[in-house]
Amino acid sequence: MASPEIDALTQALARLPGLGPRSARRAVLHLLKKRETALDPLRAALDAVGDRLTACDTCGNVDTTNPCGICADPRRDQRLLCVVEEVADLWALDRSRLFPGRFHILGGKLSALDGVRPEDLSIDQLVRRIAAGGIDEVVLAMNATLEGQTTAHYIAERIEQFPVRVTQLAHGLPVGGELDYLDEGTLAQALRARRPVG
């Protein structure tokens, strides 16, 4: 039997996404076995982040500085603004290094079933950022779900009064995808977004 402290660590790790009780036990055993190279650095990193973790007042990103590193980066194109649902979406897009602009995190998506209304998201802050000027294009990078597309449509209506170009991420066939493995929604979107060859 493990001590209550080790058991508490195992339970805490098991609550992380992608880790169940067995994976958490394996992780704890590894941390205990490699104390100097794994446990001590992990503890130091968690302490450092835990003390300084904050949400960016500008975009909503999670970082150890406010404004976050992305908003404070002078190399970013301030005229381009990409709107995403969650922090994980921002991190995924930024990891690709393909978008040179800034971001805005909504904190979720509109959902009547879950009771998520426009005032529950940072849509008003987004509208204020656009109204302040200096933004030429707003990229709506919502997930290709019914709720994501409803959110994108609602935002597009809210910002249509401003002189900005509103674009959306392309949806449809993934590279390397085979038609017989795709769902009807993906096929329908691919057909609607078809373009001329050549």
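Ten is the figure to start from: the predicted model holds 10 salt bridges, a salt bridge being a side-chain nitrogen of Lys or Arg within 4 Å of a carboxyl oxygen of Asp or Glu. Because the model is predicted, local features need pLDDT of at least 70 and side-chain atom pairs count only at pLDDT 80 or more, while totals for chains, interfaces and linings use all residues. Residues are numbered from 1 along each chain as its sequence is written, and side-chain values use heavy atoms, with hydrogens and water left out.

One of these pairs joins the side chains of Asp73 and Arg75, at 3.0 Å from N to O. Asp73 sits in the loop between helix 4 (69-72) and strand 3 (77-84); helices (H or I, at least four residues) and strands (E, at least two) are DSSP runs, numbered from the N terminus. The two partners differ in their surroundings: Asp73 is buried at 16% relative accessibility, whereas Arg75 is exposed at 74%. Here buried means under 20% relative accessible area, exposed over 50%, and partly exposed in between (1.4 Å probe, protein chains only). The side chain of Asp73 also places a polar atom 2.9 Å from the backbone nitrogen of Arg75. Such a polar contact is a pair of N or O atoms within 3.5 Å; within protein, one must be able to donate a hydrogen and the other to accept it, and residues adjacent in sequence count only if both atoms are side-chain atoms.

A further salt bridge connects the side chains of Asp77 and Arg79 (3.1 Å, N to O), with Arg79 partly exposed at 45%. Arg35, Asp40 and Arg43, in turn, are linked in a network of salt bridges.

The side chains of Glu85 and Lys109 meet at 4.0 Å, N to O, in another salt bridge. Glu85 belongs to the loop between strand 3 and helix 5 (87-96) and Lys109 to the loop between strand 4 (101-105) and helix 6, so this pair ties together parts 24 residues apart in sequence. Glu85 is buried, with a relative accessible area of 2%, and Lys109 is partly exposed at 32%. Both residues also touch Gly148: leaving aside neighbours within four places in sequence, Gly148 is in contact (heavy atoms within 4.5 Å) with Glu85, Lys109, Met142 and Asn143. Gly148 lies in helix 7 and is buried, at 0% relative accessibility. Its C-alpha atom is 7.3 Å from that of Leu110, 38 residues away along the chain.

Turning to the interior, the largest nonpolar core has 18 residues, and Val83, Leu106, Leu126, Ile130, Val138, Ile155 and Ile159 have the most contacts inside it. A nonpolar core is a set of buried Ala, Val, Leu, Ile, Met, Phe, Trp, Tyr and Cys residues joined through side-chain atoms within 4.5 Å. Two or more residues each come from strand 3, helix 6 (123-131), strand 5 (137-140) and helix 7 (146-159), and helix 6 gives the largest share, four residues. A second, separate core of 15 residues includes Cys56, Cys59, Val87 and Phe99. Beyond four places in sequence, Val83 touches residues including His104, Leu106, Leu126, Val138 and Ile155.
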